[in-house]
Amino acid sequence: MSGRASAAANLPTDDASSLPAKNFGSEKSAPHIAIVGAGLTGLTAAWKLQRMGFAVTVFEKSQLIGGRTLSIRKDGFVFDTGAITLLPTYTNICSLVEELGIEKHLHRVNPIIGIPRGGKMHHLDISRPLRSLIGIQLISLGTKLRLLKLLGPMMRTWKKSNYQSLAALAEWDQETVADFVRREFGEEANEYIAGPVIRGNTLNSTACAPAGELLWMLRQYAAPFIYAFDQGINFLAETLAQRVPVELGAEIIDIKPIGNQVEIKGRCAQGEFSRTFDACILGLPPPQLSVLAPNLSVRQQQFLKQCKSLVSVNLHVGLRRRPDITETIILPPESEQPVLTTIVMDHLKAPGRAPEGKGLVTFYLRDSWCAENFAAPDAQILASVMEMAKPFIGDLSADVESFVVQRWPYAIIKSSVGLYRQIADYEADLDLNSRVQIGGDFLSMGMEAAVSSGAAMAERIGRIVSVATAKP
Ligand SMILES: Cc1cc2nc3c(=O)[nH]c(=O)nc-3n(C[C@H](O)[C@H](O)[C@H](O)COP(=O)(O)OP(=O)(O)OC[C@H]3O[C@@H](n4cnc5c(N)ncnc54)[C@H](O)[C@@H]3O)c2cc1C
């Protein structure tokens with residue numbers, strides 16, 4: 001096998017474990033758990049189990065750590081080419097950062113959100129959301145007053161919106177965001193508030209996403225700042241991979257529970273292999289889970305197979321000078337720019353991501369455009385996107401020093417009406433006592449969902465395997 005994960009520079013040393021470790025006698029007799037996937041789900045599960053005293057091995061099919069939190073270091077820039085936004089509402093990630101002792105790499109940013117309308121940029125300050133919304137000239141006074149009614153559903157769903165599962169939002173799964181917002185708050189609210197929130201965060205459209213997604217997004221951003229890692233978003237996964245054994249270039253192709261053991265078959269550069277473990281955790285996206293996970297119910301199999309993938313082709317640009325732009329994030333409404341959904345001034349988020357005096361900008365685009373342009377050459381994507389962005393950030397094409405085009409055939413689950421009810425059905429069929437636990441980010445959304453899922457699966461395996469081990 002291709003060996004352990006490569007070391008990232010200047011990683012902090014391991015802290016003392018504060019979790020109670022299980023006593024399995026000698027290290028040799030500690031039950032051995034296989035974990036499939038070195039994304040945040042798998043790595044969190046591995047870390048938590050290791051802290052409980054289990055032996056763990058993470059299998060990763062690619063040569064890279066982190067899955068969809070991929071940071072690419074090139075020409076002095078740190079390009080975050082997958083996930084980009086880390087929120088203070090990600091409480092499990094915040095605890096993990098503390099456990100790992102890497103808090104000093106996490107920086108707080110008070111982002112200025114820009115929403116353009118008719119040639120003017122309007123600013124939303126999330127540290128004072130209500131004051132900012134009252135003062136903003138983006139929407140009329142009538143729409144602002146109507147939007148106050150949104151506080152009711154937000155408060156009703158506040159506790160139900162969590163990163164473990166969106167099943168509790170099933171009552172908001174009967175109509176699209178567009179239908180809900182147009183009816184309750186009017187077209188202006190759909191175009192200039194709901195549109196940027198949904199497009200900017202999920203690349204999806206308000207005409208597709210279920211109404212609950214808007215409430216969920218607003219809940220997630222209920223904090224006055226965002227976080228960013230100075231070493232790139234993948235720093236978290238890279239740090240975890242320093243602490244647990246990871247076998248890179250090892251693709252798992254079959255998983256079979258046999259009595260109290262789980263047989264795992266895989267392939268690597270040296271050929272095929274077969275190994276036996278005490279239990280197994282799969283931390284994968286739905287397309288891979290649907291082919292690999294054993295013992296799924298018919299409903300679960302159907303759900304995983306039918307999950308629609310949100311395709312992303314995102315562009316990351318290193319600029320030889322910092323643009324004179326104060327907005328951290330720009331969210332163009334559909335009527336202003338149908339394809340470009342999000343512009344992030346990454347150099348404003350954390351020090352160290354771009355060389356001194358240089359700029360770093362990320363562009364996200366509508367999923368339908370990404371699907372159509374998935375195979376387009378990098379230079380063509382760069383030229384098209386820089387042209388689309390001109391009305392909002394000016395012509396920066398002469399300042400491009402370095403760039404990365406990243407293509408994700410599966411970025412996140414593409415939500416549509418009915419999704420939350422399908423999640424509830426999927427969960428109802430989960431076997432919480434199985435030695436093969438299945439998870440990922442797809443029951444909720446984003447990195448916090450992945451970390452929560454990894455931690456929950458570790459807790460379940462910890463319980464199942466130690467109970468069995470304790471039996472005479
Ligand atoms: C463009 C983009 C933007 C995003 N923006 C944000 C954001 O701003 N904020 C946020 O919170 N989230 C965001 N996300 C989502 C976030 O990245 C994911 O929720 C999270 O990283 C998922 O982690 P995971 O471990 O569940 O899956 P993954 O990261 O996909 O990890 C799965 C791993 O398993 C490996 N694997 C697959 N099959 C096998 C096999 N058979 N054998 C062995 N290994 C296998 C894969 O190579 C991969 O490394 C974004 C994602 C993308 C793509």
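**Exercise 1.** Which residues do ring pairs link into a cluster with F59?

Solution. The model is predicted: local features need pLDDT of at least 70, side-chain atom pairs count only at pLDDT 80 or more, and totals for chains, interfaces and linings use all residues. Residues are numbered from 1 along each chain as its sequence is written, and side-chain values use heavy atoms, with hydrogens and water left out.

Rings of Phe, Tyr and Trp (its six-membered ring) pair if their centres lie within 6.5 Å; planes under 30 degrees apart count as stacked, over 60 as edge-to-face and the rest as tilted. Ring pairs join F59 to F273 and F277 in a cluster.

**Exercise 2.** Classify the pair of F59 and F277 and place both residues.

Solution. Step 1: the centres are 5.8 Å apart and the planes make 85°, which is edge-to-face. Step 2: F59 is in strand β2 (residues 55-60) and F277 in strand β12 (residues 271-277), 218 residues apart. Strands are DSSP runs of E with at least two residues, helices runs of H or I with at least four, numbered from the N terminus. Step 3: both F59 and F277 are buried (under 20% relative accessible area; exposed is over 50%, partly exposed in between; 1.4 Å probe, protein chains only).

**Exercise 3.** Why is the pair of F303 and F442 tilted?

Solution. Step 1: the ring centres lie 6.4 Å apart and the planes are at 45°, so the pair is tilted. Step 2: F303 belongs to helix α11 (residues 298-306) and F442 to the loop between β19 (436-439) and α15 (446-470), so the pair ties together parts 139 residues apart in sequence. Step 3: F303 is buried, with a relative accessible area of 5%; F442 is buried, at 1%.
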